[in-house]
Amino acid sequence: MNQAVISCLHANLPAVEAVLKDIELQGITNITCLGDLVGYGPQPNEVIELIKEKKIATCQGCWDEDVVDGLDACDCSYPSQIAERRGHFAHQWTTEKLTKENKDFLANLPYSIRKDECLFVHGSPNSQHEYLLPDMDAFAALERVENAKAEILFCGHTHQPYIRELANGSISVKVKNSGSKDIQKKEMNLPMRRIVNAGSVGEPRHGGTKATYVVYNDITNDVKIREVEYDIELTCKAIINAGLPPIFAWRLKNGFEFAERAEDASHFCER
Amino acid sequence: MSQTWIISGPPGCGKTSWILNTFKNHSGNCGYVRLGGYSEINLEQAINSTIDFAFLKDQIPNLLDLSSSKLPLKVEKENILIIIEFPQFFIPKFQGISGIDLRVIKELEIYNLQPNKYLHFGRDLELPIKDTLDFKAIESCSIDLKKNIWDPASLNTFWFELVNGAYGDVYRAKALMNLPDGRYILFNWILTQKGSQYQTLNQVAPLNGRPERHSEIVIQGKNLNFQLIKSTINNCLLSDAVLEHHQATLRNSQLQTSRN
């Protein structure tokens with residue numbers, strides 16, 4: 001049976017509507033959302049209400065958590081001073097616009113959702129703020145999936161969709177106990193694990209302008225990345241009219257989005 | 001024998017690079033004057049930026065700046081090469097020195113300079129041919145950045161946005177920027193040429209406070225949102241506290257290296 005996984009909607013209503021329409025046209029009714037319903041985009045309440053109306057199972061993203069907690073996104077997650085200042089502005093704007101009901105909704109979202117052998121998270125099983133980038137060290141990536149006791153880990157946060165297979169993983173450990181001359185060798189062979197990143201509906205960063213999400217077939221285990229066109233001009237106008245930085249519209253329109261992240265791919269916020 | 005040349009051409013044609021090479025190949029003293037250009041119909045006057053002089057002076061420390069004073073008496077006048085750089089968007093009507101704009105001749109009287117050679121990019125084959133824009137109308141903006149130091153990652157973002165049209169249609173952008181590690185970098189971009197050119201200059205500022213040297217950005221184009229450019233730049237510049245934090249880290253790192 002096919003199921004859809006969407007992530008990083010970022011208050012971009014035209015993009016969310018277009019993706020949900022595309023999912024509906026495929027006859028898919030099982031949808032999971034990996035969070036970041038708000039942030040940067042101009043329609044945070046509208047997007048949350050649409051997710052609520054459609055009863056889409058959703059876990060909490062980093063923006064959802066920060067807005068609820070009244071925290072600015074952690075400084076260490078920004079790559080530059082200008083990104084940090086723009087991010088803080090967007091954070092403040094979103095906090096002011098969100099209704100109390102919608103803040104409560106975000107506050108009560110779970111950190112993760114488990115469905116059989118699949119685990120759904122925003123960033124990583126460790127944190128909503130951790131980035132699992134496609135080129136992350138294979139051992140570290142495998143450790144994330146294995147520790148989560150999942151066969152497939154669905155994540156978002158990077159805004160770059162990808163499917164990564166971690167095949168034939170083996171971990172060798174040499175242990176020398178105190179007082180003993182013997183060295184014990186242990187070797188664990190791990191079955192294939194997968195990390196599937198759903199990309200981003202509202203703020204794609206895959207070099208194009210189309211919204212991205214994934215379709216997973218739990219019988220065949222096939223995963224497909226889908227790209228959907230939407231009315232970007234509509235979103236850009238809404239960004240300008242909302243008084244958000246015009247640069248957000250420019251980046252979206254030109255496919256120049258870049259990840260607001262620290263240099264270190266495995267960056268873990270200790271806030 | 002002393003020589004005084006005028007070199008003119010549109011923005012981005014390669015005047016400064018050519019002048020640098022010419023000076024490097026000259027065995028005697030070198031002097032430099034940069035004129036600002038004149039307003040034409042529908043054509044804003046080019047900005048008399050001192051970026052070019054700061055760059056040339058970095059590369060040729062003995063270069064004489066004749067824009068601020070007449071030729072010093074003590075300088076050996078024999079075999080001096082003086083080059084006057086002058087932005088001019090259109091090709092002169094006449095060949096040779098008779099093609100020099102009369103306003104330029106008059107301005108040069110202040111410096112007591114009489115040119116004996118005039119070359120214009122796009123007209124004289126002695127100069128390299130570069131694909132430059134046919135300027136019909138242009139807006140110019142110059143922002144003085146003296147004593148300002150950029151957050152390097154923010155500078156990268158800002159420059160990308162600038163040359164890719166986030167703040168209007170940029171034809172030309174040139175800047176001399178300070179980085180917290182003391183580096184002094186020339187940024188150069190023109191629409192018709194591929195990519196930006198970056199050159200780290202020889203001067204390195206001490207890791208203590210803000211350097212006094214020249215720093216500026218000059219942007220030329222159409223429909224430029226100067227207010228947005230200025231506010232974005234302000235968000236990219238380091239505060240005293242952040243700068244001190246950067247510099248203290250670098251000082252400690254240098255200390256560690258010298259101990260090892």
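In this predicted model, strand β5 (residues 118-121) of chain A runs parallel to β6(A), and three bridges join the two. Within this pairing, F120(A) has F154(A) of β6(A) as its bridge partner. The connection between the two strands is easy to follow: from β5(A) the chain passes through helix α6 (residues 138-147) of chain A before it reaches β6(A), and the β-α-β crossover made in this way is right-handed.

Strand β6 (residues 152-155) of chain A also pairs with strand β10 (residues 193-197) of chain A, again in the parallel sense, this time over four bridges. Here F154(A) stands opposite V196(A) in β10(A). F154(A) thus appears in both pairings, with F120(A) in one and V196(A) in the other.

The burial of β6(A) is worth a look as well. Side chains in a regular strand alternate between the two faces of the sheet. In β6(A), I152(A) and F154(A) lie on one side, L153(A) and C155(A) lie on the other, and all four are buried, so that both faces of the strand are covered.

Turning to the chain as a whole, chain A has eight helices and twelve strands. Its radius of gyration is 19 Å, close to the 18 Å that the globule rule gives for 271 residues, and chain A is therefore as compact as a globular protein of that length. Along the principal axes, the C-alpha atoms occupy a box of roughly 70 × 45 × 35 Å. Of the 271 residues in chain A, 43% are buried. Among contacts between residues at least 6 apart in sequence, 75% join residues at least 24 apart.

Definitions and conventions:
Residues numbered from 1 in each chain as written. Chains lettered and ligands numbered in written order. Predicted model: local features only at pLDDT ≥ 70, side-chain atom pairs only at ≥ 80, totals over all residues. Rg over C-alpha atoms; globule rule 2.2 N^0.38 Å. Buried ≥ 20, exposed ≤ 12 C-beta atoms within 10 Å, placed from the backbone. Contact = placed C-beta atoms within 7 Å. Pairing = 2+ DSSP bridges. Right-handed = clockwise from strand over helix to strand, strands pointing away.
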